[in-house]
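Trainee: Could you go through this structure with me, piece by piece? I'll ask as we go.

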Amino acid sequence: MIAPAKPDLVTVNIDGKEIAVPKGTNVIEAARLVNVDVPHYCYHPKLSIVGNCRMCLIEMGMPAVDPSTKAAIMDPATGKQKINWIPRPQIGCGTNVSPGLHVKTLSPMVKDAREGVMEFLLINHPLDCPICDQAGECKLQEQATGYGRGYSRFIEQKNVKPKRTQLGPRVTLDDERCILCSRCIRFSKEIVKDDVLGFVDRGSYSTLTCYPGKKLENNYSLNTVDICPVGALTSSDFRFKMRVWFLKQTNAIDTESSVGANTVVWSREGVIYRITPRRNDDVNDTWLADSARVLFKAVKASDRLTAIKINGTDGALDVAVNAAAELFKSNSAPGAIAVVGSGRSSVEEQFLTRKLADALKASTQLVSRVGQGDQLLISADRNPNVRGALVTGLITALPFGELTGLGAQIDAGKVKVIVAINEDLAAAGLTSAQLTKVSVVYLGSHFNASSAAAKVVLPTLSPFEKSGTFVNQQFRIQKFFKAVPGPVGATDDLMVLAKLVTAAAGLTLPAEINALWKVIAAEVPALGTMAFANLPETGLLLDATPFAALPFAEGETLHYKPAQPAVAAATA
Amino acid sequence: MFDFYFEIPLVLRLFIQGLAVIMVIFPIAGACSMAERKVAAWIQDRPGPNRAIVPWVAWIPFLGKFLQRLGVFHVMADGGKMLFKEDSLPGHVNKFYFILAPIVAMIPALTTVVAVPFGAYFDAAGKVIPLGLAPLDVGMLAVFAVSSLGVYSMILAGWASNSKYPFLGSVRASAQLISYELSMTLAVLPVFLWVNAPGTPGTMGFGAVVEFQSQPGFLGGMWFGFLMPVSAFIFLVALFAETNRQPFDTVESEADLVGSFHTEYGAFKWGLFFVAEYSHMIVGSGVFMLLFGGGWNPLPWVSLATAVGWLGHILPFAHAPLFVGLLSISIFMGKVLAMIFFFMWVRWTLPRFRYDQVMKIGWQKMLPLSIANLLFYAIAIALIQK
Amino acid sequence: MAVITVERKPLTFLERTYLPQIAGGLKTTFKHLIAPKKTLEYPEERPTIPDGYRGVPTLVMDPNGREKCVSCQLCEFVCPPKAIRITPGEIPADEPDRAHVEKGPKAFDIDMLRCIYCGLCQEVCPEEAIFLQNQFSMSGYTRAEMVNHKDRLYELGGTLPDAHFKWDKKKAAEEHGNTH
C-alpha cells in the first residue's frame, strides 16, 4: 500500500508506531494501515465525512515547539520531543494527518469516550438482536461487546418508532434500530445522485424517512442496506430468511454487464440467499446494482434444464456426445457447422469453444446484447465477457445483436449443424423455419426455443455453480468461484465442451480448471504468464492495445472511460 | 386295572413310553429355560419376565394374572420365536455338518434318558420294578458312553462354523469334557463296588443302586451321598463341568469367545443346542439323584416301600402299582428339579473360572482326589465285605 | 519412605478348598432370591424425574398462549450434532397479537435421532423458548417419525411461566409509549 516515499507523504505516530501515509488520509485510514481498528459507524471510505456518530474518538497531540523560537521542546524524562496532547478527544474520521501527529487509540480517555458513545447509542436501541437480520454483521453488536456496559442504566421507556416502513420496493426500514449515522442519505445523494432520504424531527425523535412523494427505488437502493451499520435498513428480499452466520461466502463476479462488479455470494447447503458487493477500488468500489442481486433466483428456476436429451429422449452424457459426434461427422464439409459461442461464457469455456470450432472447421459467432448503460455499475454491453472471446481468439470482430449472416447461410443450405452455447438462437434472430433446417446441439442451463428445437441438449451450469474467469470492460481478468453445486443432470460446461472437442478432434483437453489453464497459458499469448490459482482477487489488467481499434459499446461508468466515443448504437 | 396296557404289543408300548418321556423332557427343558430367567431375575432383585399372556388365560381372574407374573407364557413366546424367526445359514460354513451338529447334540441328550429310571412300582410279589424305558443292566455305562458323544456335536458345530471363536470353543469343549469325564467315572466306581458284593451277580444298573439305598438298617437306608460325600462332591463338580454350566462354562464364555461353538447358529438350530444342554442337565441330575440321592426314596432311611406302607393306613389305593409309580416319579422328579434349581443358584453365585483354572482343577485337584477316593473306598469296602 | 512388608496371611485348608466361600456366596444369593424386588415396572410405574432433568427438547408458549420462539436460529447454530433445523418466517403485519414480534419460525424441526440432549439450545435461547423438559421416551417406527416438527414440539412443551413478558411490554410501549 505504501508507495516509496514521495514528497506528499507525512509521518504520523499511532499508538507508538510510526507510519508514513499520503497527505489527506484521515486517522481511521492511517490507523488501519498499522492494523489498529478505530471503531466507527458514520464514516465510510467512499462517502463524505460527517462525523456525527462520535464513535471514532481518539486522543491526539502534536510535538511541542517553543512559540517564539519554533525550537522543539524536549522532554527531559525520555529525551524525545515533548508531545502536547489535546485535552479532549477528537474524531478520527474528520481529522486528517499532519506531520508529526501523535494518536492514541487505546488510552483510558478514548475507552471512556467510546463507552459513553455506546451507552448513548444503545439507550433507544431495541433489544432486537434475536430477530434482527443484521445480527452477526452488526457494528453496534460488535462494539457493544467491546465497549458496552452489559446492562442498561436507562430505566425510562425506550423510544417507539415505526418498525416496518417500506422505503422502496426492495428496502424495509426499522426506525427503532437506526443510529442516525446518515450513511444511506449520503450514499443516495453522492453516489446515485438520487436524493430521496433524509431525517425529520429532532433529538431522540429523529427519524429516517423518504422525502414526501419519493421512494427509495433506484437500482442501487440495496447498497444502503449494505452500508447500514445496524439493522435499520433491511433487504425486503433477504429479510428474516437466514442468519448470516450460517452463510458461506463465495467470491464471484456480477454477470449482468461488462463492468464485472465484484460480488460475494452467500449460500447455505446449496441454496443461495443473497449477493452483496465485494470491495474492489478499481472496479466497483463497494457498490453493486440491485438488479445484480437477484440473478441467483435463476439458479432454482423451474425452467432449468436437468435432463440430457437426444432427439427428445433422455440419455447419458457419453451417448449425447456420441450423437453430437455423429452429427459432426456426417456434416464434415467446411462451413457446414457453425458454432455460436457466448459472451456470457467464461474465458475457459470460450477457449474450449474455440478449440471445438477449430476442430470442426466451423465458423464462430457471438451474440451481442446492448442496453442502456447507467454510468455507474451497469455498462451498455450486457455480456460480461465479450473481451474474453477476443482475448482467447474465439472472435476477432465485435459481435452483432442478430445472427443475420448465419440465417442467410442456413437459408442457402450451407450450414447444417449449429452448436449453440448458452445462446438462444431464436432470440438472436433465427426464425423457427431456419431452426428446423439445421440440427442444433444446445449447451445451456435454462430452457428456451433453441433447447426445444435442439437434436442434442446438454444441460450445463449457471455461473453460480462453476468457477472461471471473466474479462471486463477494462480488460481486467477476474475470477469467480463455484458457490453451490449444480442440479442433478447438469454437467460442468468445461466437461461437456472437453468431451465434444475429444469427440470432434480426438484431442483430449483437461476439464479441470487449473489443468485447463496450463493449456490456455500455452496457447493464448495474452494469458501466457498466468495461472488460475495465481490470479489476484482484485483481478489483473490485460493488454488492451491489440483491440484498441474495436468500437466497443460501453459508455462511461465508474472507474471506466471509453477510449473512444461510443459507437455501439450504430453497430448494434 | 391297567392290564390292557401290558397286552398291547411290546414295540407299540415302548413307542408310547418313549413318546411320553420325550413329551416330558422337552417341556421341562423349555420350562428350565424360563426358570433360569426367573431365578436369575429374582437373585438380581428383579421380577423377571412377566409380560406375555394368552388372551383367554388373561380372562381368568387371579390365576391368569399370577401365571402372567410367573412368566410361564414366555416359554411359549420364546419357543414360537425360535420356530418362526429366520433360520439363517451363513455362507462360509460347511452346510452338511453345520446342520448335523445340533441334531447330533440332541441324540445323546435324548438317548441317555432311556437308561434312567424315573420311578418304580411293586409287582405282585413285592419286587421293585424300576420305571424306565430300558431297564438296562449296564445303565451307568450306557449313560457315560452315550452322553460323552455330546462333545461331538460341539466339535462338529465349531468346526463346521468355519470361524475362529466357534473353533476355539469346540477345542475347549472337547478338552474340558475329557478332563472331567475321568474323575466323574472314578467317583462313581465306589458306589458300584459297594453295590456289587463279591459273589453276587454284578450289575451297573441304576435300579440296583437305588434298591441298595432302600435297605433297612443304618448303613442300608443311608444314601450314598452321606456314605461317600467326596464321591458325591466330585461327581457333582464334574457334572457341572460336563454340562458346561457355570462356573465351568468356559466353552460358552461370551466375554472371550462371543458365543463359542454356537456363535454362527440362530433360530431353531440354536434352540436345539439349548434344549440339549438342559436335557443333559436333567439326565445328569437324575443320575446324581439315583446314585447319591436315594433315587425315588423320599427320605434317608425312609424307603419308598416304607412310605407306601405308611400311606396304606390312610389311603386304600396306596398299594396300587399306578399310584406307587406316580408317587415315585413325583418324588424323583422333585429331587431332579431341586438339583436343577441348584444348578441355577450356583450359576448366579459363582463367577466363571478361567480356562487354565478349569484344566488345573480337573487334572491337578479332581483327578488325584478321585483316585485317592477310589483307593480309600476300595480298601474300606473290601474290609467291610470280607 | 519405609517399605512395610505385610505378611499375607496363609489360607487355611478350608479356605483353599473354596467351599466355605462358595457356601457363603450361595447364602447371599439366596437372600436376594427372596428379598423384595428393587426394579420399577416401567410402563406402568414411572420414575420421578429430578429437577433440571434434560429430556426431549421442546418449544414452550408463554402464559398467554403465544409462541415464544422468534426463530433467531441460535439453537440451530449452537447445536453440536446439528439436530435443529429452523425455517424462519415473518409474522404478517395483520396479526393483531403477534405482529409486533415480526419474526417467528415457519418450520422448526428437531431430529431426535441426532439430538444428544446436551441442553445447549436451552442455554443459548435468548427468548427462553426452548426447554429440555422431563419427557424422556422418544420412539418411532421410521426415521421421519423421529423428527419432531413445530406442532409436536409445542404439544410436548406446553406452557411455562414467564418472568419477563418481553414482547407484551414491547407492545404496551408501542401503544402507550412516546410515539410521535
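Trainee: How many residues lie between strand 9 and strand 10 of chain A in their hairpin?
Mentor: Six residues lie between strand 9 and strand 10 of chain A in that hairpin, and Asp201(A) in the turn has a positive phi of about 65 degrees. Helices and strands here are DSSP runs numbered from the N terminus, with H or I over at least four residues for a helix and E over at least two for a strand. Please keep in mind that this is a predicted model, in which local features need pLDDT of at least 70 and side-chain atom pairs count only at pLDDT 80 or more, while totals for chains, interfaces and linings use all residues. Residues are numbered from 1 along each chain as its sequence is written, and chains are lettered from A and ligands numbered from 1 in the order in which they are written.

Trainee: And how many bridges hold strand 9 and strand 10 of chain A?
Mentor: Strand 9 and strand 10 (residues 207–210) of chain A are joined antiparallel by four bridges, where two strands count as paired if DSSP finds at least two bridges between them. Leu197(A) has Cys210(A) in strand 10 of chain A as its bridge partner.

Trainee: Which residues of helix 4 of chain A are buried?
Mentor: In helix 4 of chain A, residues 183–192, the buried ones are Arg183(A), Cys184(A), Arg186(A), Phe187(A), Ser188(A) and Ile191(A). Buried means that 20 or more other C-beta atoms lie within 10 Å of the residue's own, against 12 or fewer for exposed and partly exposed in between, with C-beta atoms placed from the backbone.

Trainee: What covers the buried residues of helix 4 of chain A?
Mentor: The cover includes strand 9 (197–200), helix 5 (222–227) and strand 11 (233–235) of chain A, and contact here means that the C-beta atoms of two residues, placed from the backbone, lie within 7 Å. Just after helix 4 of chain A, Lys193(A) has a positive phi of about 60 degrees.

Trainee: Strand 11 came up there; which sheet of chain A is it in?
Mentor: Strand 11 belongs to an open, antiparallel sheet of three strands in chain A with the order 7-8-11. Strand 7 (165–166) and strand 11 of chain A are the edge strands, each pairing on one side only. Strand 8 of chain A, residues 171–173, pairs antiparallel with strand 11 of chain A over three bridges, and Val171(A) is opposite Ser235(A) in strand 11 of chain A.

Trainee: What about the sheet with the order 22-23-24 in chain A, which are its edge strands?
Mentor: That sheet is open too, with three strands in antiparallel pairing, and its edge strands are strand 22 (468–471) and strand 24 (540–541) of chain A. Strand 23 of chain A, residues 476–480, is joined to strand 24 of chain A by two bridges, with Ile477(A) opposite Leu540(A) in strand 24 of chain A. Helix 7 of chain A, residues 347–360, packs on the sheet, touching strand 22 and strand 23 of chain A, and its direction makes about 90 degrees with that of strand 22 of chain A.

Trainee: Zooming out, how much of chain A counts as buried?
Mentor: Of its 572 residues, 48% count as buried, and chain A has 14 helices and 24 strands. The C-alpha trace of chain A spans about 95 × 55 × 40 Å along its principal axes. Among contacts in chain A between residues at least 6 apart in sequence, 65% join residues at least 24 apart.

Trainee: Switching to chain B, at what angle do helix 6 and helix 15 of chain B pack?
Mentor: Helix 6 (residues 95–111) and helix 15 (residues 267–292) of chain B pack at an angle of about 20 degrees with their axes 9 Å apart, where axes are lines fitted to C-alpha atoms, for helices over the stretch in contact, and angles run from 0 to 180 degrees between N-to-C directions. That makes helix 6 of chain B roughly parallel to helix 15 of chain B, a label for angles under 35 degrees. Among the residues making the contact are Met106(B) of helix 6 of chain B and Phe273(B) of helix 15 of chain B.

Trainee: Last topic: which pair of chains has the most contacts?
Mentor: Among the two pairs of chains that touch, chains A and C have the most contacts, and that contact takes 18 residues from chain C and 16 residues from chain A. Strand 2 of chain C gives the largest share of the side of chain C that touches chain A, three residues. Chain A and chain B do not touch, and their nearest C-alpha atoms are 38 Å apart.

Terms used
Angles under 35 degrees count as roughly parallel, over 145 as roughly antiparallel, 65 to 115 as roughly perpendicular and the rest as oblique.
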